[in-house]
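Notebook open, model loaded. I want to go through domains, chain contacts and one sheet, in that order.

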There are 4 protein chains.
Amino acid sequence: MLNLGIIGATGYVGAEIVRLLALRDDVKITTVVSNSFVGQPFSSVYPSLRGIYDKVCDKLDIDVVAQKADFFITALPHGVSTTVIPGLLEKGKRVIDHSGDFRFRDIKTYEKWYKVTHGAPELIDKAVYGLPELYRDEIKTASLVADPGCYPTCSVMGIAPALKNKVVSHQDIVINAVSGVSGAGRKSDLPYAFCETDENFKAYGVANHRHTPEIEQELSLLCGEPVMVSFTPHLAPMKRGMLATCYLNLINQELSPADIHSIYEDYYKGEPFVRILPLGQLPETKYVAGSNYIDIGIAVDTRMNKLIVVSALDNLGKGSASQAIQALNIMAGIDETKGLLSPGLYL
Amino acid sequence: MLNLGIIGATGYVGAEIVRLLALRDDVKITTVVSNSFVGQPFSSVYPSLRGIYDKVCDKLDIDVVAQKADFFITALPHGVSTTVIPGLLEKGKRVIDHSGDFRFRDIKTYEKWYKVTHGAPELIDKAVYGLPELYRDEIKTASLVADPGCYPTCSVMGIAPALKNKVVSHQDIVINAVSGVSGAGRKSDLPYAFCETDENFKAYGVANHRHTPEIEQELSLLCGEPVMVSFTPHLAPMKRGMLATCYLNLINQELSPADIHSIYEDYYKGEPFVRILPLGQLPETKYVAGSNYIDIGIAVDTRMNKLIVVSALDNLGKGSASQAIQALNIMAGIDETKGLLSPGLYL
Amino acid sequence: MLNLGIIGATGYVGAEIVRLLALRDDVKITTVVSNSFVGQPFSSVYPSLRGIYDKVCDKLDIDVVAQKADFFITALPHGVSTTVIPGLLEKGKRVIDHSGDFRFRDIKTYEKWYKVTHGAPELIDKAVYGLPELYRDEIKTASLVADPGCYPTCSVMGIAPALKNKVVSHQDIVINAVSGVSGAGRKSDLPYAFCETDENFKAYGVANHRHTPEIEQELSLLCGEPVMVSFTPHLAPMKRGMLATCYLNLINQELSPADIHSIYEDYYKGEPFVRILPLGQLPETKYVAGSNYIDIGIAVDTRMNKLIVVSALDNLGKGSASQAIQALNIMAGIDETKGLLSPGLYL
Amino acid sequence: MLNLGIIGATGYVGAEIVRLLALRDDVKITTVVSNSFVGQPFSSVYPSLRGIYDKVCDKLDIDVVAQKADFFITALPHGVSTTVIPGLLEKGKRVIDHSGDFRFRDIKTYEKWYKVTHGAPELIDKAVYGLPELYRDEIKTASLVADPGCYPTCSVMGIAPALKNKVVSHQDIVINAVSGVSGAGRKSDLPYAFCETDENFKAYGVANHRHTPEIEQELSLLCGEPVMVSFTPHLAPMKRGMLATCYLNLINQELSPADIHSIYEDYYKGEPFVRILPLGQLPETKYVAGSNYIDIGIAVDTRMNKLIVVSALDNLGKGSASQAIQALNIMAGIDETKGLLSPGLYL
């Protein structure tokens, strides 16, 4: 039995992790730590879990909490993770962190985009970027895994096969992406109030969203050249779901759409959570909502000599919570797909 | 391994059954029968199931289909079920039917409200009303189970404890209920188009909805008196979810709210899918969406001498698909909760 | 030119009033007073009004503000209105107040349900209940009009014709009503966050909502007997719209549905904002969203001997903002329908 | 009094035109022609208009219908418009057509993208592209105006100032756009059913949407060079609203963001329906929903040397119905803003 603690458990990512693990017979969530709900049953915060996960929320006391589990998932704001994780690692715990704190190899990039001083720079080298499709082996033995951002997961996985295989240029990449509202977390800020958000669509973080350098880091590593992207996130009036439309310049003009499609299929061959759609079909967020799948479709715009890649995932699934569980499975030597194969909620 | 066929599989109820069973290791869906999608993979109709359930849809040929499974779930329109089910039963199959055709003990009531002549009256006596909390023993050995309607499940389960225990009068019961749009099925009718439904709320079927006599039948059986109810369904702009607000006249004025609450808890003691909320709390559809749970809360209006019962379920869960699976588990001697304990999707 | 000030202007009711009046050539909004946005242009708070109403928000200084207008609409929380309005009236201003503070004839009822001590009891007798269809003449000359609550407007107008004409009993009235989320105001409370509200349906304020005594007061005045109602409000995942389903016991059994329908048509004959739907049709909130209309439909449940009345309005329209403007028109001697005849937004 | 007929009146564009004109005192809708609802009151098709516009729908008999009005708006499918409009023009009527039939100067482009043979090629030269901000003078005297598509209006107006002023290159333009569901028209097709659309986001028409050549035509005319664009439309779960995010390559690097912003303000100086947002602000669809405004915001991505333009309109407003009325006002010599200045519906 794997004992797991979740720190920052009462946010949406934490709640989704609890939802996904509550019925597992090989994982036990032994502590849920929350700032705001100490002493309250988790199921009073999320009544959908009544009778399923009723444990009372613990306060954040590393010494106490660390004794309760061997693995920890931290779903804390950036800047806070660095104050909590060193203590856990010192006690020999293995940690998956969902903040931006340990996703960057270059601390300067992090500090520039996040506008903070990094609180635990010595851990940067230990951290593994938790995208199993790219770093599976490193995750197996890692003590600290940085759960990737939702936009980077969606974008990088959509672009990787074409970029890695020199189908497209690493220059002038445009990523236009859309997220459901849960991506903003469980916030009571006015801009996320129902009446402000419903029946509305908007762009945000134009030219300055923090997921930009994360995307660029991974794409650069993939192609061996420094990559910059034009990335624009948008907010759609739905709870879950993320869709990225990526505009890439074809450099190999001899490849037919079918050839490129084969490259995509080959690249992800054997990957249990990546579904390359048949040519002519494109993903929709409802195909993956509630699941750990990422669906990817491609189209070639021959007039413009561009490859259009559309990728879809659930920002609370492959974009955060279930991807963290995928990493947890790998770290713990459990079958990577355990508890994660459920289909999306078409409805 | 239990072999199951689903007839009328490509509607929303059928698709939800496939979603819930696709990963079970003790049940195999050996045939999905569809009028409209013969020869097409089920996952092309519901792409969320790509790679999870790709079997091709069969046409409805009873002789062929019957050879493929021992159990069948039929999710067909009323009037059609009666043309299909006799053939299945003759071949020794056990059937769960989701239409209204076999829910009524009195054929005249059925024919009056459904405005058709019943096509298989000889089977009425064999059919068991598939509400496990009321008919668990009969379901175990039944060859034909009538999966209850969503409104009746939601209303009857909310009212049963108070009515059975003579807390409230069987007279002048008002049931005001609300359904998500999936309750109408997978239809392309204009009234269910997004632009007609979104941001809209309406009543429908006032004083003549077909679930009325089904509710009355079960309440009458519970209290031993003929019960009539004033039942008004409404449509809310959401995909899943059902909530019934029941107005009942208190007859035993010595009972405190806490007493009545205890009666509710006792009535459903040990029931794995019924959650009686603490006094002071009321259910919301999001607590149960995507699950087989029904949540029930009560409030006493002392000024009006009324008991207000609010019950919530997922019309595609306990209101149809997962309730059918609960019956299937019981019929097959499998643990009744197998595959059904997942919490609702708070998000 | 009528000069109008709005105090509490940046809430949803205030913003709707500005939207409706901004283009009027006979009314000028000379001051918008806001606690939270002093010094900011109104159109920065509601960018839909950019270029249309850009005036800067004033702070609440009665002496200063009172000099700017002859009429005031106050959209303040209850308990706050009583601190502001006496000063305005002393200066000879005419006021329409949207709080609950001046809706009650019996101060004890107010204090019991609102759990506060009334701050200006001497004004109770001066206040006119601002439902033009019932109190048009009194509104004409009133110095203080209490804009009715949304639920009371919807319910009382639906029940009035039948109750006043002794078609139904004044006893055992059940009102089941549903509101869009804007009814809660422009709040950033977590329960009204998009992810908490979307795809969800719930009851609230069961047996204790403050609109209950307001409904009872007006129904009692209509029928001359003390009326109590069982009133349950619900929240639907939509921005605007309100629908009440009222269950009334028929006492005059000689009346056919057509007779009752005629009584409804006669009762509201000549009323510009009341639309009695043809027998067989029922209102939907989309018919009235964005408008000042209230649509009313009736159905008779002969089995239960009940009259079911369904009434729909926009909680920001006839339920608050545009009804206040209707009263303003009347008070100012302007054509009552001025600026208010626009149809609902079907889409 | 201007007499207007609407042919194809019961679609969403037609209904919005009726909504906007019904209360005008200078325009009378003398006939509403509908294929599907001949003989039925318009307000039975759109009950929001009950008591406001109850005229009965006429059948399409050009000889009869033409006698009823001097101006016509046709909201018909492409290919159908060409069969109706010649007859109207012959009788001296002036026509605004909302199909794609008369938007193209090059008939071959039309025939290639629309995959039909043009039915009235002799009228191409007479047709004026009905974007008042670009063709106001031509519209004044036109007998045939082609109401622009929603995506072209949104994109072209967003890009025009930068392209016309050589701020950006005419090459490698990427337009990523999102529409509300009403853009698909009043259809009962399954993909637009509530349960299929709600909580979902998807791309469609990738690399082959018919609005692509319309955008390219207008951009080419603006800059005097043949322009090709990479255009990808998406569907968001909302009724109204359109937002285009345009990625443009800066060619004049001496211009600061403030300079570019000034160029935008100058370009649209005096335009009553174009609102350039202050630097640092970006439009949201709710700012313009229900109105004839288009809001435009810009951001400069200095790292990528790109100008990001975000423009928002209501696909049923400036994207179709109210833009047609703007053209009608111009053609008829009425104040261009008559009846169109209402703000968007923030809620």
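How many residues of domain 1 of chain A are in contact with domain 2 of chain A, and how many on the other side? I get 14 residues from domain 1 and 13 residues from domain 2. Worth noting before I go on: this is a predicted model.

**Entry 1, domains of chain A.** I checked the bounds: domain 1 of chain A covers 2–147 + 320–332, and domain 2 of chain A covers 151–313. Their C-alpha centres sit 25 Å apart. On the domain 1 side of the contact, I find helix H5 (107–114) and helix H11 (321–332) of chain A as the elements giving two or more residues. Sorted by class, that side of domain 1 of chain A has five nonpolar, six polar and three charged residues.

**Entry 2, chain C against chain B.** Here I count 34 residues of chain C in contact with 35 residues of chain B. I looked up what supplies the chain C side: strands E7 (173–179), E8 (202–203), E9 (229–235), E10 (242–249), E12 (294–301) and E13 (306–313) of chain C each give two or more residues. The class split on that side of chain C is 19 nonpolar, seven polar and eight charged.

Then I tried the superposition. Chain C goes onto chain B with a rotation of 180° and 0.0 Å of shift along the axis, at RMSD 0.0 Å. So the two copies are related as by a two-fold rotation axis. The same surface serves both copies, as 100% of the contact residues of chain C recur in chain B.

**Entry 3, chain C against chain D.** This contact takes 28 residues from chain C and 28 residues from chain D. Helix H1 (residues 12–21) of chain C gives the most to the chain C side, with three residues. I sorted that side of chain C too: 15 nonpolar, six polar and seven charged.

**Entry 4, a sheet in chain C.** I traced an open sheet of six strands in chain C, order E2-E1-E3-E4-E6-E5, with parallel pairing. Strands E2 (27–33) and E5 (128–129) of chain C are at the edges with a single partner strand each, so one side of each has no neighbour in the sheet. H1(C) turns up again here: H1(C) packs on the sheet, touches E1, E2 and E3 of chain C, and makes about 155° with the direction of E2(C).

Inside the sheet, I followed E1 (residues 2–7) and E3 (residues 71–74) of chain C, which pair in parallel over four bridges. Gly5(C) has Phe72(C) as its bridge partner in E3(C).

Last lookup: helix H4 (residues 81–90) of chain C lies across E1, E3, E4 (94–97) and E6 (144–146) of chain C, at about 160° to E4(C).

Definitions and conventions
Residues are numbered from 1 along each chain as its sequence is written. Chains are lettered from A and ligands numbered from 1 in the order in which they are written. This is a predicted model: local features need pLDDT of at least 70, side-chain atom pairs count only at pLDDT 80 or more; totals for chains, interfaces and linings use all residues. Two residues are in contact if their C-beta atoms, placed from the backbone, lie within 7 Å. Ala, Val, Leu, Ile, Met, Phe, Trp, Tyr, Cys and Pro count as nonpolar, Asp, Glu, Lys and Arg as charged, and the others, Gly among them, as polar. Copies are superposed by least squares on the C-alpha atoms of residues with pLDDT of at least 70 in both. Two strands pair if DSSP finds at least two bridges between them. Axes are lines fitted to C-alpha atoms, for helices over the stretch in contact, and angles run from 0 to 180 degrees between N-to-C directions. Domain bounds come from an automatic or database domain assignment.
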